[in-house]
Amino acid sequence: MTARNTEFELGGINHLALVSSDMRRTIDFYSGVLGMPLIKTLDLPAGMGQHFFFDCGGGDCVAFFWFPDAPDAVPGISAPATRPEQGEMLSAVGSMNHVAFHVPPERFEEYRRRLKEKGVTVSPILNHDDSPVGVSRDVHEGVFVRSFYFQDPDGILLEFACWTKTFGDGDVSHEPKTAADRTTPATPATPEARQTAEATVTN
């Protein structure tokens, strides 16, 4: 990554705050399964709930609120209903779509195997490229990141990802869409689109 912020000296994500329905279960998953140390816990004032922080590496944290009166998750609105290889990426404007954790490229496939051994359902490996479908079965020079997806106990979509190339000027080449380009209501992926996506990934 060669681009530089000339406005503010940002050092990455201090923390990303999500919402848990069961903090004990969240600790069991993020510390017990993913190995993230629990580094800070707070009871919020006036019985509002709790706020716990996990070290996810690189000086960054993933944090969770627990609120006694939090509404239940609404799949497809608060987060995607399923995983991307199942043809589902949609979530609402302002939602937290997914969290991607950087992992070493040389340990990427090992980490996927280890999660499966821990009983976590993981997606096939996706080799993301600039093709019309967006993924490739094989790793080639156009693949810019490799990833796989899984979900936490509350259905939050997570990703292990590793960069495979350095970006250049040609990697920023698309005209950004605006609110005027939105469809109302948003249309979910068709069965044909889902089949195409599933056909391009490996097990």
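**Figure 1. Close-up of Ala 46 in the loop between strand 2 (38–43) and strand 3.** The model shown here and in the views that follow is predicted. Phi of Ala 46 is near 60°, which is a positive value in a residue other than glycine. Ala 46 is exposed, and its relative accessible area is 83%.

**Figure 2. Close-up of Pro 80 in the loop between strand 4 and strand 5.** Pro 80 has a relative accessible area of 2% and is therefore buried, the limit being under 20%. With neighbours within four places in sequence left aside, Pro 80 is in contact with Glu 88, Met 89, Leu 90, Ser 91, Asn 97, Gln 151, Gly 155 and Leu 157. The C-alpha atoms of Pro 80 and Ala 92 are 8.7 Å apart in space, while the two residues are 12 residues apart in sequence.

**Figure 3. Close-up of the salt bridge between Arg 83 and Glu 85.** The side chains of this pair meet at a distance of 2.7 Å, N to O. Arg 83 counts as buried at 11% relative accessibility, and Glu 85 also counts as buried, at 8%. Both values fall under the 20% limit for buried residues. By the rule applied to the model, the count of salt bridges comes to six.

**Figure 4. Close-up of the salt-bridge network of Arg 107, Glu 110 and Arg 114.** Within this network, Glu 110 forms a salt bridge with Arg 107, and the closest N and O atoms of that pair are 2.9 Å apart. Glu 110 counts as partly exposed at 24% relative accessibility. Arg 107 is likewise partly exposed, with a relative accessible area of 33%.

**Figure 5. Close-up of the salt bridge between Glu 109 and Arg 146.** The closest N and O atoms of the two residues are 3.2 Å apart. This pair links distant parts of the chain: Glu 109 is in helix 2 (residues 108–117) and Arg 146 is in strand 8 (residues 145–151), 37 residues apart. The two ends of the bridge fall into separate accessibility classes, since Glu 109 counts as partly exposed at 41% relative accessibility, whereas Arg 146 counts as buried at 13%.

**Figure 6. Close-up of the largest nonpolar core, which has 26 residues.** The residues with the most contacts inside this core are Tyr 30, Leu 34, Phe 150, Leu 158 and Phe 160. Two or more residues each come from helix 1 (23–33), strand 3, strand 4, strand 5, helix 2, strand 8 and strand 9. Helix 1 gives the largest share of the core, four residues. In soluble globular proteins, nonpolar side chains tend to be buried together.

**Figure 7. Close-up of Tyr 30 and its contacts.** Tyr 30 is one of the residues with the most contacts inside the largest nonpolar core. When neighbours within four places in sequence are left aside, Tyr 30 is in contact with Gly 35, Met 36, Phe 54, Val 62, Phe 64, Asp 152, Ile 156 and Leu 158. Leu 158 is also listed among the core residues with the most contacts.

**Figure 8. Close-up of the largest pocket, with about 870 Å³ of space.** The pocket is lined by 31 residues, and the closest to its centre are Cys 56, Ala 100, Phe 101, His 102 and Val 103. The elements that give two or more residues to the lining are strand 3 (50–57), strand 4 (60–66), strand 5 (99–102), helix 2 and strand 9 (157–163). Strand 9 supplies the largest share, five residues. By class, the lining has 21 nonpolar, five polar and five charged residues.

**Figure 9. Close-up of the second largest pocket, with a volume of about 530 Å³.** Of the 23 residues that line this pocket, Val 19, Pro 71, Asp 72, Ala 73 and Ser 78 are the closest to its centre. Strand 1 (residues 15–20) gives the most to the lining, with four residues. By class, the lining of the second largest pocket has 15 nonpolar, six polar and two charged residues.

Notes. Residues are numbered from 1 along each chain as its sequence is written. This is a predicted model: local features need pLDDT of at least 70, side-chain atom pairs count only at pLDDT 80 or more; totals for chains, interfaces and linings use all residues. Side-chain values use heavy atoms; hydrogens and water are left out. A salt bridge is a side-chain nitrogen of Lys or Arg within 4 Å of a carboxyl oxygen of Asp or Glu. Buried means under 20% relative accessible area, exposed over 50%, partly exposed in between (1.4 Å probe, protein chains only). On a 1 Å grid over the protein atoms alone, a cavity is a set of points where a 1.4 Å probe fits but cannot get out, and a pocket is an open set with protein on both sides within 12 Å along at least five of seven lines; lining residues have an atom within 4 Å of a point. Grid points are joined across faces, edges and corners, and a volume is the space filled by probe spheres set on the points. Ala, Val, Leu, Ile, Met, Phe, Trp, Tyr, Cys and Pro count as nonpolar, Asp, Glu, Lys and Arg as charged, and the others, Gly among them, as polar. A nonpolar core is a set of buried Ala, Val, Leu, Ile, Met, Phe, Trp, Tyr and Cys residues joined through side-chain atoms within 4.5 Å. Contact means heavy atoms within 4.5 Å.
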